[in-house]
2 protein chains.
Amino acid sequence: MMMARYTMQRVAISWQNGLITSIASATRSLHTTKDRHSCKIIMSPPLVSLDLPDIWSSNSNQYHSIPPQKFSNEQIIIDGKSIAEDIRSSITSEVSRMKESIGKVPGLAVIVVGQRRDSLIYVRNKIKACEEAGIKSVMTELPDECAEDEVLSALANFNEDSSIHGILVQLPLPQHLDEGKILNALSLEKDVDGFHPLNMGNLAMRGREPLFIPCTPKGCIELLIRSGVEIIGKNAVVIGKSNIVGLPTSLLLQRHHATVSIVHALTKNPEQITREADIVITAAGVPNLVRGSWLKPGAVVLDVGTFPVDDPSSESGYCLMGDVYYEEAVELVSAITPVPGGVGPMTIAMLLSNTLDSAKRKFDFT
Amino acid sequence: MMMARYTMQRVAISWQNGLITSIASATRSLHTTKDRHSCKIIMSPPLVSLDLPDIWSSNSNQYHSIPPQKFSNEQIIIDGKSIAEDIRSSITSEVSRMKESIGKVPGLAVIVVGQRRDSLIYVRNKIKACEEAGIKSVMTELPDECAEDEVLSALANFNEDSSIHGILVQLPLPQHLDEGKILNALSLEKDVDGFHPLNMGNLAMRGREPLFIPCTPKGCIELLIRSGVEIIGKNAVVIGKSNIVGLPTSLLLQRHHATVSIVHALTKNPEQITREADIVITAAGVPNLVRGSWLKPGAVVLDVGTFPVDDPSSESGYCLMGDVYYEEAVELVSAITPVPGGVGPMTIAMLLSNTLDSAKRKFDFT
């Protein structure tokens, strides 16, 4: 039903050959059978089901100039807030079904160290979202100057707590804490952020399935799928290569068979490279970095950047700015996410989804 | 305050000058001190030492057309065979030093299933290389139709054998065997091929150091460094996204701060994308895929492809062909590896190097 609702927004792009069409239908059918329940919530299929053999076409040697993409002058503003609400509503139903069936609910634990304003806002939103979905949530707040052992000890408690199915250590941690060591101590089965290197390796490697896909990249793919954007064979540029967004997004797009280029702070010609992209996902954290001149007409742009900037006119005293110079971009693109209200809400929805999936796995609940 | 910080970020950077130079010298000095011994053999530095903060330049918003790269008309044919011999000679000295100091030598175990001609050749070459370097080697050959348990049992024996520091399962395995399951059973400390997903995750993630870097990608970076090719900030294209070459090569190039694009069988305009690259590393396994028209004048090209083609005129009855149409490419590039004699010998040298490193780690030998 949701599929119908979102794909109607754009005319489906016709594939250039039969292979892709058949893969697409295989994915869809897998979707509607094997993963019946999770499919209600998340439309992106299991990664292993996407794996394809490397068969190079015989015309790879010929250069085909790509005709400029036709697109109507209608831009889609991808309403991440509304899509995330739909997903959260489905999660709420699933949590309720779980509670009725087996008397259990998923549980999420959050560890936050220090008083970073942005971290506290994110954490508060996550806890609130859990409450709304019927997911149990617990938070441990530690002071800025706490010792590593205190964090590890809080983590160990949650690792052992059978009512907790997801643990989240809010990043960034204060400088004196060893982030790698702390994240390594997190039980793999509860790594709902998907930041453990084993999860990352399984995300990267064909034939493997990570236990959890990091929330923001997963939310981005979900937005693309629900907006009817084809990923396979498309040129995608990811701006930024952080462990938490840029890297896993580039890996996930590759698992979906996009041709991915990763642009970062040391890239000499980011504008030129980005302008070749059909899909741009930007997570640089630099307000207005991506100008109109960086974008190919008809591109699809997802803006992960959320940079708080002082704004006395706002009630909160600040506003959030994305990486994309929105006013210029919106004139060119075929679809774009706003900031706020684009990718942000999806990150939280995916966190709830990962926590639900984790509890389902634990209870063998389908 | 945040606004102020943001402005400072934008103003602070002219990375083309001081910053990069200082990082480069930091890396060099690290090289010559901390990693004195391994540096004798391998020139590529530890990955964590390469990690840089994401500081976007204030001129990212301006488009600079990149002037065509000047290069003299002299092409360097990168002599992988000779470079690999140098490295193997250093490894031999180190093995000998280890034997004299502590009476131990590194040990490599190879498991090969079935009778694939190419696999048997690779394995034979690896065993021979071990012997020449003074590294102990053991091989278990299993029949094509062997059960998964037999492979797992051979693996378990080697995992427990304290004289073995590296284990290699020759890929590809016959279809009926679960490659993922088998590779997962391999002791992480002995995963000298670096194919375990935890190693792959640690290769991908900034701030992490894998226990082992996969041999072929490591050999490629070593060839670039020894040929004086700068990687940082360069546009690199990796052709092919296999778990064993394409994927780890793209991750490793990213750790070295190249701007990486990954081209694969479903890429619609591989020629156009590849032609933008300063560095091309191709591992498609498709003879002559990369024509002259795919290459930017002055590019550096590493050809990982080794496709056996029947050749009655050769003593062995076959010859190896690379992905690159060599005769066309050599007229354009600034440096190129031949096939054979380019990347191939480096893969074996890196396997020996990984095995030596593993034994050093085990014996705490520096």
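**How chains A and B meet**

Me: This is a predicted model, so let's start with the interface: the copies meet through which surface?
Reply: Look at how far the two sides overlap: 88% of the interface residues of chain A are also interface residues in chain B. So the copies meet through the same surface.

Me: And chain A can be laid on chain B by a turn of what angle?
Reply: The superposition comes out with an RMSD of 0.0 Å, and the shift along the axis is 0.0 Å. That is the relation of a two-fold axis. The turn itself is 180°.

Me: How many residues does the contact take from each chain, and how much area do the chains bury between them?
Reply: The contact takes 68 residues from chain A and 67 residues from chain B. Of the buried area, 57% is on carbon and sulfur atoms. The total that chain A and chain B bury between them is about 6200 Å².

Me: Which residues in chain A lose the most area to chain B?
Reply: Three of them together make up 14% of what that side buries. They are Trp56(A), Leu266(A) and Lys268(A).

Me: What about polar links, then: how many residue pairs are in polar contact across the interface?
Reply: Salt bridges don't help here, as the rule finds zero of them across the interface of chain A and chain B. Polar contacts do turn up, counting pairs with both residues at pLDDT 80 or more. The number of such residue pairs is 17.

Me: Which element gives the most to the side of chain A that touches chain B?
Reply: Several elements each supply at least two residues, among them α7 (179–184), α10 (246–255) and β9 (307–310) of chain A. By type, the residues on that side divide into 33 nonpolar, 23 polar and 12 charged. The element giving the most, with six residues, is α8(A).

Me: In β6(B), what is the bridge partner of Ser261(A)?
Reply: Three bridges join β6(A) to strand β6 (residues 259–263) of chain B, and the strands run antiparallel. In β6(B), the residue bridged to Ser261(A) is Ser261(B).

Me: Back to salt bridges: Asp54(A) forms one with which residue?
Reply: Over all chains the count comes to 25 salt bridges. In this one the closest N and O atoms are 3.0 Å apart, and the pair links distant parts of the chain, 152 residues apart. Asp54(A) sits in the loop between α3 (36–41) and β1 (76–77), while its partner is in the loop between α8 and α9 (215–226) of chain A. That partner is Arg206(A).

Terms used:
Residues numbered from 1 in each chain as written. Chains lettered and ligands numbered in written order. Predicted model: local features only at pLDDT ≥ 70, side-chain atom pairs only at ≥ 80, totals over all residues. Heavy atoms only, no water. Least-squares fit on C-alpha atoms with pLDDT ≥ 70 in both. Contact = heavy atoms within 4.5 Å. Buried area = accessible area lost by both parts, 1.4 Å probe. Salt bridge = Lys/Arg side-chain N within 4 Å of Asp/Glu carboxyl O. Polar contact = N/O pair within 3.5 Å; in protein donor to acceptor, adjacent residues only side chain to side chain. Helix = DSSP H or I, 4+ residues; strand = E, 2+ residues; numbered from the N terminus. Nonpolar A, V, L, I, M, F, W, Y, C, P; charged D, E, K, R; others polar. Pairing = 2+ DSSP bridges.
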